[in-house]
Amino acid sequence: MILGNPAMIDAYKAGVPGNGKPFPDGAKMAKIHWNPKKNETAPGQPLVPSTLHDIDFMVKDGKRFADSGGWGYAEFEYEAATDTFRLGTLADQPPQGNDAKCGFACHTVVKNRDYVFTEYPKR
């Protein structure tokens with residue numbers, strides 16, 4: 001599940017990043033990852049969310065995060081045994097450093113989209 005604050009959603013509705021404009025400072029998004037499982041009782045056995053895996057965050061602040069495309073990143077792994085979160089580490093997949101640039105290396109491939117992979121779905 002990918003969530004955005006009003007600044008993020010308004011930018012998407014205005015055509016960002018496909019229109020070549022960057023997201024505004026203050027735009028924020030969160031991505032919640034669940035481990036998938038098959039729904040054995042549904043026709044076709046579709047994949048559905050199972051246990052929580054991790055939560056990722058991005059926040060746009062061009063001054064604070066100038067050296068990572070204007071974006072700050074954070075990643076928290078869910079620990080089911082303790083029902084808590086921990087910072088992502090270099091041992092995780094994908095590896096995560098413990099600083100605001102942890103996601104920048106992966107996102108450089110979408111520099112022309114203001115470092116954002118996510119498309120706003122058409123309705």
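User: Why does Met1 count as exposed?

Analyst: This is a predicted model, so every value is computed from it. Met1 has 54% relative accessibility. Exposed means over 50%. Met1 therefore counts as exposed. Its place is in the segment before strand S1 (2–4).

User: What makes the nonpolar surface patch with Met1?

Analyst: Met1, Leu3 and Trp34 make it, and the patch covers about 290 Å². Nonpolar side chains are joined into a patch within 5 Å, given over 30% relative accessible area and no salt bridge. Met1 passes the area cut-off, because its value is 54%.

User: How do you know which residues of helix H1 lie on the same side?

Analyst: In H1 (residues 6–13), Met8, Ala11 and Tyr12 are buried. They cover an arc of only 100 degrees around the axis, so they sit on the same side of H1. Pro6 and Lys13 are exposed on the other side.

User: What do the buried residues of H1 pack against?

Analyst: They pack against S1, strand S2 (28–38) and strand S4 (71–79). Gly15 follows H1, with a positive phi near 105 degrees.

User: Why is Lys60 with Asp114 called a salt bridge?

Analyst: Their closest N and O atoms are 2.7 Å apart. The rule asks for a Lys or Arg side-chain nitrogen within 4 Å of a carboxyl oxygen of Asp or Glu. The value of 2.7 Å meets that cut-off, so the pair is a salt bridge. The pair links distant parts of the chain, 54 residues apart. Lys60 is in strand S3, while Asp114 is in the segment after helix H2 (104–107).

User: Are Lys60 and Asp114 buried or exposed?

Analyst: Lys60 has a relative accessible area of 7%. Asp114 has 10%. Buried means under 20%. Both are therefore buried.

User: What makes Glu79, Arg86 and Asp92 a network?

Analyst: Salt bridges link them. Arg86 forms one with Glu79, the closest N and O atoms being 2.4 Å apart. Arg86 also meets Asp92, at 2.9 Å from N to O. Each distance is within 4 Å, so each pair passes the rule. For the chain, the count comes to four salt bridges.

User: Which members of that network are buried, and which are partly exposed?

Analyst: Asp92 is at 9% relative accessibility. That is under 20%, so Asp92 is buried. Arg86 is at 29% and Glu79 at 28%. Partly exposed lies between 20% and 50%, so Arg86 and Glu79 are partly exposed.

User: How do you know that S4 and S5 pair?

Analyst: Pairing takes at least two bridges. S4 and strand S5 (residues 84–87) have four, in the antiparallel sense. The strands therefore pair. One bridge partner of Glu79 in S5 is Thr84. The hairpin has four residues between the strands, and Asp83 takes a positive phi near 55 degrees.

User: What makes S2 a paired strand?

Analyst: Three bridges join S1 to S2, which run antiparallel. Ile2 stands opposite Lys31 in S2. S2 also pairs with strand S3 (residues 47–60) in the antiparallel sense, over ten bridges. There, His33 stands opposite Asp54. Three and ten both satisfy the rule of at least two, so S2 is paired with S1 and with S3.

User: What pattern does the chain follow along the sequence?

Analyst: The pattern is β-α-β-β-β-β-α. The chain has two helices and five strands. Of its 123 residues, 31% count as buried.

Notes:
Residues are numbered from 1 along each chain as its sequence is written. This is a predicted model: local features need pLDDT of at least 70, side-chain atom pairs count only at pLDDT 80 or more; totals for chains, interfaces and linings use all residues. Side-chain values use heavy atoms; hydrogens and water are left out. Patches are made of residues with over 30% relative accessible area and no salt bridge: like charges are joined within 9 Å, nonpolar side chains (Val, Leu, Ile, Met, Phe, Trp, Tyr) within 5 Å. Accessible areas come from the Shrake-Rupley method with a 1.4 Å probe; for residues, only the protein chains shown count as cover. Buried means under 20% relative accessible area, exposed over 50%, partly exposed in between (1.4 Å probe, protein chains only). The arc is that of the directions from the helix axis to the C-beta atoms. Contact means heavy atoms within 4.5 Å.
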